[in-house]
Amino acid sequence: MTPSPAASGFPTLVRKEVLRFWKVSFQTVLAPVVTTLLYLVVFAHALASHVEPFPGVSYVQFLVPGLAMMAMLQNAFANSSSSLIQSKITGNIVFILLPPLTAAEIFAAYLVAAMVRGLVVGIGVFAATLWLIPLPVPNVLWLVAFAVVGCGLLGTMGIIAGIWSEKFDQLAAFQNFLVMPLTFLAGVFYSMHTLPPFWQAVSHLNPFFYAIDGFRYGFFGQSDVSPWASLAIATGAFAALSWTTLLLIRRGYKLRH
Amino acid sequence: MPAVEAVGVAKRFGRVQALDGLSLAVAEGEFFGLLGPNGAGKTTLISALGGLVRPDAGTLSVMGHDVGRDFRAARRAVGIVPQEIVFDPFFSVRETLELQSGYFGLRHNGAWIDELLERLALTGKARANMRSLSGGMKRRVMVAQALVHRPPVIVLDEPTAGVDVELRQTLWRFVRELNAAGHTILLTTHYLEEAQQLCSRIAMMRDGRVVALDSTANLLASFSGRVLRVQLENCDLPPILAAQATAEGAGWWRIPVQDSAHVENALARLREAGATVASLEVAEPELEEVFVKLMHRDEAAQ
């Protein structure tokens, strides 16, 4: 009658969150890959005559990792935030809140699923562009490190946005006025060195910039900032946000009354 | 050890005191009813049991596990069917139940899921998407979701609202069997008839407090009674009966009676007065009457 001492519900929550986007992968994976390719075609055409951002690296080559990272960041954010807001608005969040899941388990599950979505989209972008635009052999370790930290950072922001928002338009505001500007102004389309000093300084306050700059280093071995510094700053931002998010969930902020 | 124990539980939402020092204990194996008007605090209490609401004061435990300090054990011990129909449109019925099992750390729960599907007449819908189900079927899936981890305490918050008669019967048959197998059942319902038929003990709530708590039989006996209803032709009730009777209109009168001797006595008085009785019936006590009386008594006391 009594169930045996049970394991953690964490793996199931990860599975559910991954299935949730995978079941509609046309919209959650394919669509962002196509959008990214459109950006690539348009910007590459419009700005192909641009000077080489790094010596020996064409503008189109420079663009690919930036766009891929932008897609990864935006989709990691979209996954956790949209899942949470949908569950809150439809009310099925109770099925997550009633089981014996700890705050850390809930946080980690939404985070991992967001990272999986971001990474799958990133892989999709590379799979689609690889044979059109040849890139140097990448330093895989740097790539993975920045992809993981970047997706983690945005997945965490998505959790905060999903918990905080009570309506879809509040979440849209978060997305349009915070995530979009920060990703667009993080050096996806240009090298920081081309900016006036003031805007360079402003850009250095943007944690997304370090994720993109470091990710690019994995391909070209060149970057605006040392990859170690970038990794430290991006990881620091990720850790600070994670701690905040965990605290919010533990306190039951907007989830338990 | 009580299955559910609340001691001085208080919860305020803004200006509304949803629970106001509520205390009650539900014994293991009981079929317990929680009754009260809207806003009495029933759902708040149930939400607090499941950790959806955190009380401001007091202690609340399930099978001896504090819902705050020992929340993992408390949540494993209780299965809650929420009042609102909610579902995840991404999944089928079976997937929904497999996921819910997994959240409780149960990996190989297929046999029990099959049994739940069968008992709740959902086997044919196992592969159907949740979206395609009728309201009553969604409700039954929610019942199954609450039972995937075989909780010793089962809480049903208005489970039959909007469910048709046949489904209601299926559900109650199943819940009664669970109760017979040792599960404690805590039920809120708007259908007082249901509570009267099912519950062995009932707590009546109002404004976040318990205003009466007793066995269903005692509540009925102390706040209600048998009533003799008579319809008279062309005459009024004799004064000796009129003092305690109430007019219902169209010649109908309600006369409270304790037992059959009282009935005979009342009829004798009517005969003596030369009244012609057109129709007559003896009505059994009803929980509804208890409910109305208690709620009014409480209002008058305020």
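**Strand pairing, cores and chain contacts in the predicted model**

In chain B, strand β1 (residues 4-13) is joined to β2(B) by 8 bridges, and the two strands run antiparallel. One position in this pairing is B:Arg12, which stands opposite B:Gln17 in β2(B). The structure described here is a predicted model. Strands β1 and β2 belong to an open sheet of 4 strands in chain B, ordered β2-β1-β4-β5, with antiparallel pairing. The edges of this sheet are taken by β2 (16-26) and β5 (65-66) of chain B; each has a single partner strand, so one side of each is left without a neighbour in the sheet.

A second antiparallel pairing in chain B links strand β12 (residues 246-249) to strand β13 (residues 252-257) over 3 bridges. Within this pairing, B:Ala247 has B:Trp253 of β13(B) as its bridge partner. The two strands, β12(B) and β13(B), form a hairpin with 2 residues between them, and B:Ala250 in the turn has a positive phi of about 55°.

Chain B is divided into two parts: domain 1 covers 4-91 + 144-221, and domain 2 covers 226-284. The C-alpha centres of domain 1 and domain 2 of chain B are 41 Å apart.

The nonpolar cores were examined next. The largest nonpolar core contains 139 residues, of which A:Ala211, B:Leu49, B:Ala144, B:Val153 and B:Val155 touch the most other members. Helix α3 (residues 59-90) of chain A supplies the largest share of this core, 15 residues. Another core, of 8 residues, lies apart from it and includes B:Leu228, B:Trp253, B:Leu270 and B:Ala275. B:Trp253 is thus a member of this core as well as the bridge partner of B:Ala247 in the hairpin. For B:Val153, a member of the largest core, the contacts beyond neighbours within four places in sequence are B:Ala3, B:Val4, B:Val62, B:Met63, B:Ala77, B:Val78, B:Thr184 and B:Leu186.

Between the chains, 27 residues of chain B are in contact with 24 residues of chain A. On the side of chain B that touches chain A, the elements giving two or more residues are α2 (71-77) and α3 (93-103) of chain B. By class, this side of chain B has 12 nonpolar, 7 polar and 8 charged residues.

The secondary structure of chain A comprises 10 helices and 0 strands, and along the sequence the pattern reads α-α-α-α-α-α-α-α-α-α. The C-alpha trace of chain A spans about 70 × 35 × 35 Å along its principal axes. The radius of gyration of chain A is 19 Å, which agrees with the value near 18 Å for a compact globule of 257 residues. Of the 257 residues of chain A, 44% count as buried. Among contacts in chain A with a separation of 6 or more, 82% are between residues 24 or more positions apart.

Helix α5 (residues 103-129) of chain A contains A:Ile123. This residue, A:Ile123, is classed as partly exposed because 15 other C-beta atoms lie within 10 Å, a count between the limits of 12 or fewer for exposed and 20 or more for buried. The C-alpha atoms of A:Ile123 and A:Asp169 are separated by 30 Å, the two residues being 46 residues apart along the chain.

Technical notes:
Residues numbered from 1 in each chain as written. Chains lettered and ligands numbered in written order. Predicted model: local features only at pLDDT ≥ 70, side-chain atom pairs only at ≥ 80, totals over all residues. Domains from an automatic or database assignment. Contact = placed C-beta atoms within 7 Å. Nonpolar A, V, L, I, M, F, W, Y, C, P; charged D, E, K, R; others polar. Core = buried A, V, L, I, M, F, W, Y, C linked by C-beta atoms within 7 Å. Rg over C-alpha atoms; globule rule 2.2 N^0.38 Å. Pairing = 2+ DSSP bridges.
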